[in-house]
Amino acid sequence: MRVRDIYVVGVASASFFMSYFSRLAWSIVSTYSSLRPTIVEDSIVFSLFFIGYVVVQVPAGIISDRVGPKYVIIASLIGLAVSSFVSGMANAMWVEYVASLFMGLSAGWIYPATVKLLTISFRGPELPVAMGYYSIAWPLSIVLAGATLPEICTVLGWRWSYYIIALTSIIIASLYVPTNVRGYGGNARGALNLKLLRNSDVMVISLSGFLFFMSYWTITLYAYKYFLSIGLNDYVAGLAYSLLALLGIPSTLIAGYIIRNLGVRNTLSLFEVLYGISTILLAVITRELPLMILAASMGFIRFIITPANSTAVSKIGGELAGSVTGIANLFWQLSGAIAPVVASIILTNTDYQSLWIVMGIIILISAIIYQLTLKIQ
């Protein structure tokens, strides 16, 4: 890659990092907050961020196609900075509610816009490699949230977590100023192309992605509690949970080369099969060391799927990559609202072992749909 290409991937990845890091922050910061939120108040903060994030997905894609992703990302990061600052200043929970909603409304624009930015900046075999490097932001945000936020809250106070997020967002936004996006003319029509809703690949990537992400969010929400329930102590359970993302950092770096060699469809199918089988194995592997090895392998596999998803929507959309990303990500993120409901029904009537088996089967179904119906290679 040329220096200019590295710069574009770097700022895009940093933007994606902030959109995810800001979502994770409250899960840690709330423990240290002087507002002392209840479990219900915690849930409301999460839900409001999620609602804001989902609502803007389709308009984010359309506007990224029309006016160009650069300006969408800058505005989003500024909005994220302002809402994060307000969150840090909050002296009552209702202020946190409002700030979290606007944080989601701001962060939600970043993924469709950054995928669009990379789509118009890279061509052919360069694209999946760029998507791989870009996607390192997801596992890195999970790892760094756990590594840095408790220390910041302890040393500087919980409010500084949000002040630092605000400052970092402004700095990243400023890095876009010298960026010149090559070959971008914009989509003059600037409205959702209804043909996209009838495009079979758009429907497949939305449906299969929904199934996969529903299972993934279930694992994310319930794995730590499961590890505790089978007798692991707090430290070991936390380490096992971290391993579900840690090896995603190196795997995203090589994911682009795997996608380039296997193709998007085969990569999605193969690694979802592996992830589905691994999820089912969670139900039977309970000893410490084997469980940690399984968790580490799941982290490695999981974050090859992420850049494959991003590459898929990019290839399907082409000049309308922003719109396709917005449509697909609407369903992907909507799965986060469905997952807790489905999981709670299963856990109420059965147990964790049944939960992992059901979620593993759902992932395998997603893999089969990709292999049999996705047209792009």
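**Salt bridges**

I started with Arg4, which forms a salt bridge with Asp5 in this predicted model. I read 3.3 Å between the closest N and O atoms of Arg4 and Asp5. Next I looked up the exposure of the two partners. Arg4 is partly exposed, and I noted a relative accessible area of 27%. Asp5 is at 1% relative accessibility, so I entered Asp5 as buried, the cut-off being under 20%.

How many salt bridges does the count come to? I got 2.

I then went to Lys116 and Asp65, whose side chains also meet in a salt bridge. Here the N to O distance is 3.0 Å. I placed Lys116 in helix H6, residues 110-121, and Asp65 in helix H3, residues 57-67. The two parts are 51 residues apart in sequence, so I wrote this pair down as one that ties them together. I checked burial for this pair too: both Lys116 and Asp65 are buried.

**The cavity**

I searched for enclosed space next. Rolling a probe the size of a water molecule over the atoms shows where empty space is left. I found 1 cavity of 30 Å³ or more in the structure. The volume of the largest cavity is about 110 Å³. I listed 13 residues in its lining. Which of them are closest to the centre? I noted Phe16, Tyr111, Trp138, Asn329 and Gln333.

I asked which helices supply at least two residues each to this lining. My entry has helix H1 (3-32), helix H15 (288-317) and helix H16 (321-349). I also sorted the lining of the largest cavity by residue type: 7 residues are nonpolar, 5 are polar and 1 is charged.

**Helix H1: Tyr7 and Ser22**

I stayed with helix H1 and picked two of its residues, Tyr7 and Ser22.

Tyr7 is partly exposed, with a relative accessible area of 33%. I found Tyr7 in a nonpolar surface patch, together with Leu167, Ile171 and Leu175. The area of this patch is about 360 Å². Patch members need over 30% relative accessible area, so the 33% of Tyr7 passes that cut-off.

Is Ser22 buried or exposed? I have Ser22 as buried, because its relative accessible area is 2% and the cut-off is under 20%. I also took a C-alpha distance from Ser22 to Ser161. The separation is 9.6 Å, and the two serines are 139 residues apart along the chain.

**Tyr163**

I turned to helix H9, residues 159-174, which holds Tyr163. The relative accessible area of Tyr163 is 18%. Burial is set at under 20%, so I entered Tyr163 as buried. What separates the C-alpha atoms of Tyr163 and Gly88? I read 6.2 Å, with the two positions 75 residues apart along the chain.

**Backbone note: Arg36**

Last, I checked a backbone angle. Most residues other than glycine have a negative phi. Arg36 is not a glycine, yet I noted a positive phi of about 50° for Arg36. Where is Arg36 placed? I found Arg36 in the loop between H1 and helix H2 (39-55). Arg36 is at 70% relative accessibility, so I entered it as exposed, the cut-off being over 50%.

How values were computed. Residues numbered from 1 in each chain as written. Predicted model: local features only at pLDDT ≥ 70, side-chain atom pairs only at ≥ 80, totals over all residues. Heavy atoms only, no water. 1 Å grid on protein atoms, 1.4 Å probe; cavity = no way out; pocket = protein on both sides within 12 Å on 5 of 7 lines; lining within 4 Å. Points joined across faces, edges and corners; volume = space filled by probe spheres on them. Helix = DSSP H or I, 4+ residues; strand = E, 2+ residues; numbered from the N terminus. Nonpolar A, V, L, I, M, F, W, Y, C, P; charged D, E, K, R; others polar. Patch = residues over 30% accessible without salt bridge, like charges linked within 9 Å, V, L, I, M, F, W, Y side chains within 5 Å. Areas by Shrake-Rupley, 256 points an atom, 1.4 Å probe, with all protein chains shown as cover. Salt bridge = Lys/Arg side-chain N within 4 Å of Asp/Glu carboxyl O. Buried < 20%, exposed > 50% of the residue type's maximum accessible area, 1.4 Å probe, protein only.
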